[in-house]
Each structure stands twice: as structure tokens, then as C-alpha cells.
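Morning, everyone. Let me put the model up, and then we'll walk through it piece by piece.

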Amino acid sequence: QVQLVESGGGSVQAGGSLRLSCAASAYAYPTKPKRIGWFRQAPGKEREAVAAIDRGTGATGATYYAASVKGRFTISQHNAMNTLYVYLEMNSLKPEDTAMYYCAARVVDGGTWFMTSEYNYWGQGTQVTVSS
């Protein structure tokens, strides 16, 4: 069982920045997350992948980005004792970035980072609104 809690959403003007946080807590071995992904869903649209990071030691781990956010968003992680914190630093925000943002955990190695079906646990989401 993995519990995911997102925070950091809000309303900003275009060009602004926000930092989202995801706290992934595993309560039973061996369900520690192997990968954390950030996804977003705008009203009337399908959920889409934004970025993902593989769990590594310290702050390392392979990272993945959607083309629409590459160069503007940065994903990073911090490993604590029983909790993996994953951050999504979002810069140069655009109105089209407006969406509910979700973090998700995959508890086995491998898989395709951008496919929602390959994540086992999901958080409740945090709203990001970018005004023009």
C-alpha cells in the first residue's frame, strides 16, 4: 500500500512559477515506489503525463518529461526514511498548463513512464490555474 499526498497547487499569472510536492509513503514492503509520475487533467480532456522520476539513492534517478513541459518543468526527489518526496518545479507557466495535477506511483521496475495504466497508486490531486 502506498499513500500519495500532493500539495503546492494554486493560482498564478502566466510566466509565473509553482512548486508541487508529492509525499509517497509506503506502509508495507515490498510496495516501495520504483517510479513517481506527475500527470495532469484539464476539464474535458484526457489525463496526460507531465514528468516522472525513478527512485534512486539521494537525489538521483532517471527523469522523463513530456515535450510540452521540457525546459520549463523540473522533477526531483528526496528520500526520507519511509517517505519519498517528489517535487515538480514549474516555471514559465502558461494558461494551457491549467489542470488538476496528480502524482502516481509504480511499485515495480520498468514500464512506460507516460502510460497511466502502468501506475498502481494515485493521489487526490492539486489544482493549478494559470491566468493570462
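One definition before we start. Two strands count as paired if DSSP finds at least two bridges between them. Keep that in mind. And keep in mind that this is a predicted model.

With that in hand, look at β7 and β8. They pair in the antiparallel sense, over seven bridges. Pick out one position there: F73 stands opposite M90 in β8.

Now widen the view to the sheet. It is open, it has four strands, and the order is β1-β3-β8-β7. The pairing is antiparallel. Which strands stand at the edges? β1 and β7 do, and each has a single partner strand, so one side of each lacks a neighbour in the sheet. From one strand to the next, the twist averages 15 degrees.

Over to the β1 side. β1 and β3 run antiparallel and are joined by six bridges. Remember the general pattern: side chains in a regular strand alternate between the two faces of the sheet. Here is how β1 looks. V2, L4 and E6 make up the covered face. Q3, V5 and S7 make up the uncovered one.

Stay with S7 for a second. Its bridge partner in β3 is S21. Is S21 buried or exposed? Its relative accessibility is 18%, and the cut-off for buried is under 20%, so S21 counts as buried. Setting aside residues up to four places away in sequence, S21 touches V5, E6, S7, W38, V86 and Y87.

Next, the disulfide. The count comes to one. C22 and C103 are joined, with an S to S distance of 2.2 Å. The link is right-handed, at 65 degrees about the S-S bond. What does the pair tie together? C22 is in strand β3 and C103 is in strand β9, so the link ties together parts 81 residues apart in sequence. Both ends are buried: C22 has 1% relative accessibility, and C103 has 0%.

On to the core. The largest nonpolar core has 36 residues. Which of them touch the most other members? The answer is I36, W38, L88, M90 and Y101. As for the elements that give two or more residues to this core, they are β1, β3, β4, β5, β7, β8, β9 and β11.

Take L88 as a sample. Leaving out neighbours within four places in sequence, its contacts include W38 and Y101. Others on its list are L18, L20, V50, F73 and I75.

Last stop: an arginine. R40 is found in strand β4, residues 35-41. Is R40 buried or exposed? It counts as buried, because its relative accessibility is 6%. So what do its side-chain polar contacts reach? One goes to the side chain of E48, at 2.6 Å. Another goes to the side chain of Y101, at 2.9 Å. And Y101, you'll recall, is one of the core residues that touch the most other members.

Beyond its neighbours within four places in sequence, R40 has a longer list of contacts. Among them are E46, R47, V50, S68 and V69. F73 is on that list too, along with E96, D97, A99 and M100. That brings us back to F73, the residue opposite M90 in β8.

That's the tour. Questions, please.

Notes. Residues numbered from 1 in each chain as written. Predicted model: local features only at pLDDT ≥ 70, side-chain atom pairs only at ≥ 80, totals over all residues. Heavy atoms only, no water. Buried < 20%, exposed > 50% of the residue type's maximum accessible area, 1.4 Å probe, protein only. Polar contact = N/O pair within 3.5 Å; in protein donor to acceptor, adjacent residues only side chain to side chain. Contact = heavy atoms within 4.5 Å. Core = buried A, V, L, I, M, F, W, Y, C linked by side-chain atoms within 4.5 Å. Axes fitted to C-alpha atoms, helices over the stretch in contact; angles between N-to-C directions. Disulfide = S-S within 2.5 Å.
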